[in-house]
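Subject: Structure handover

Hello,

Here is the structure I promised to pass on. My notes on what turned up follow right below it.

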Amino acid sequence: MCGRYASTARRTDLLEQFQVDDDKADELKGPDYNVAPTKLAPVVISRPPADGPRDADAVRQLRLFKWGFLPNLR
């Protein structure tokens, strides 16, 4: 199956390198040398906090998103 990659960075390294303000990736334990579709993968996003005002400044968050491809629906 295509679409696999290795994620070798530790959680602390990601937090430091990307200057993350909000860590929501509690399930991230360590490196994963076989990140395949449907697995959770660490992602850094920048957006206003969900519980803050609409005009709040964006903060960087480390989250886990499901990795995968969307099928071509044409």
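L28 is in contact with R11, L14, P42, L62 and L64, leaving aside neighbours within four places in sequence. Bear in mind that this is a predicted model. Three of those partners, L14, L62 and L64, turn up again with L28 in the largest nonpolar core. V20 and A25 complete that core, which has six residues. As a general point, nonpolar side chains in soluble globular proteins tend to be buried together.

Next, the overall fold. The protein has one helix and five strands. Along the sequence they follow the pattern β-α-β-β-β-β. Contacts across the sequence count for a lot here: of those with a separation of 6 or more, 60% join residues 24 or more positions apart.

Now the dimensions. The radius of gyration is 14 Å, while a compact globule of 74 residues would come in near 11 Å. The C-alpha trace spans about 40 × 35 × 20 Å along its principal axes. Buried residues make up 19% of the 74. The exposed surface is about 5,900 Å². Carbon and sulfur atoms supply 51% of that area.

One residue to look at is Q61. It sits in strand β5, which covers residues 59-66. Is Q61 buried or exposed? Its relative accessible area is 2%, and the cut-off for buried is under 20%, so Q61 is buried. The side chain of Q61 makes a polar contact with the side chain of R63, at 3.2 Å. Beyond residues up to four places away in sequence, Q61 touches V20, D22, K24, V43, V44, I45 and R47. Of these, V20 is also a member of the largest nonpolar core.

Then the aromatics. How many aromatic pairs does a search of the whole structure find? It finds one. The partners are Y5 and W67, with ring centres 5.3 Å apart. Their planes stand at 80 degrees, and over 60 counts as edge-to-face, so this pair is edge-to-face. The pair links distant parts of the chain, 62 residues apart. Y5 belongs to strand β1 (residues 5-7), and W67 to the segment after β5. Both rings belong to partly exposed residues: Y5 has 31% relative accessibility, and W67 has a relative accessible area of 29%.

Last, two backbone points in loops.

- Q19 has a positive phi of about 50 degrees, although it is not a glycine. Q19 is in the loop between α1 (11-17) and β2 (22-23). With a relative accessible area of 58%, Q19 is exposed.
- T38 also has a positive phi, near 85 degrees, and is a residue other than glycine. T38 is found in the loop between β3 (32-35) and β4 (40-47). Its relative accessible area is 60%; exposed means over 50%, so T38 is exposed.

To start browsing, try three places. Take L28 with its contacts, including P42 and R11. Then take Q61 and its polar contact with R63. Finish with the edge-to-face pair of Y5 and W67.

Best wishes

Notes
Residues are numbered from 1 along each chain as its sequence is written. This is a predicted model: local features need pLDDT of at least 70, side-chain atom pairs count only at pLDDT 80 or more; totals for chains, interfaces and linings use all residues. Side-chain values use heavy atoms; hydrogens and water are left out. Helices (H or I, at least four residues) and strands (E, at least two) are DSSP runs, numbered from the N terminus. Buried means under 20% relative accessible area, exposed over 50%, partly exposed in between (1.4 Å probe, protein chains only). A polar contact is a pair of N or O atoms within 3.5 Å; within protein, one must be able to donate a hydrogen and the other to accept it, and residues adjacent in sequence count only if both atoms are side-chain atoms. Contact means heavy atoms within 4.5 Å. Rings of Phe, Tyr and Trp (its six-membered ring) pair if their centres lie within 6.5 Å; planes under 30 degrees apart count as stacked, over 60 as edge-to-face and the rest as tilted. A nonpolar core is a set of buried Ala, Val, Leu, Ile, Met, Phe, Trp, Tyr and Cys residues joined through side-chain atoms within 4.5 Å. The radius of gyration is taken over C-alpha atoms; the globule rule is 2.2 Å times the number of residues to the power 0.38. Accessible areas come from the Shrake-Rupley method with a 1.4 Å probe; for residues, only the protein chains shown count as cover.
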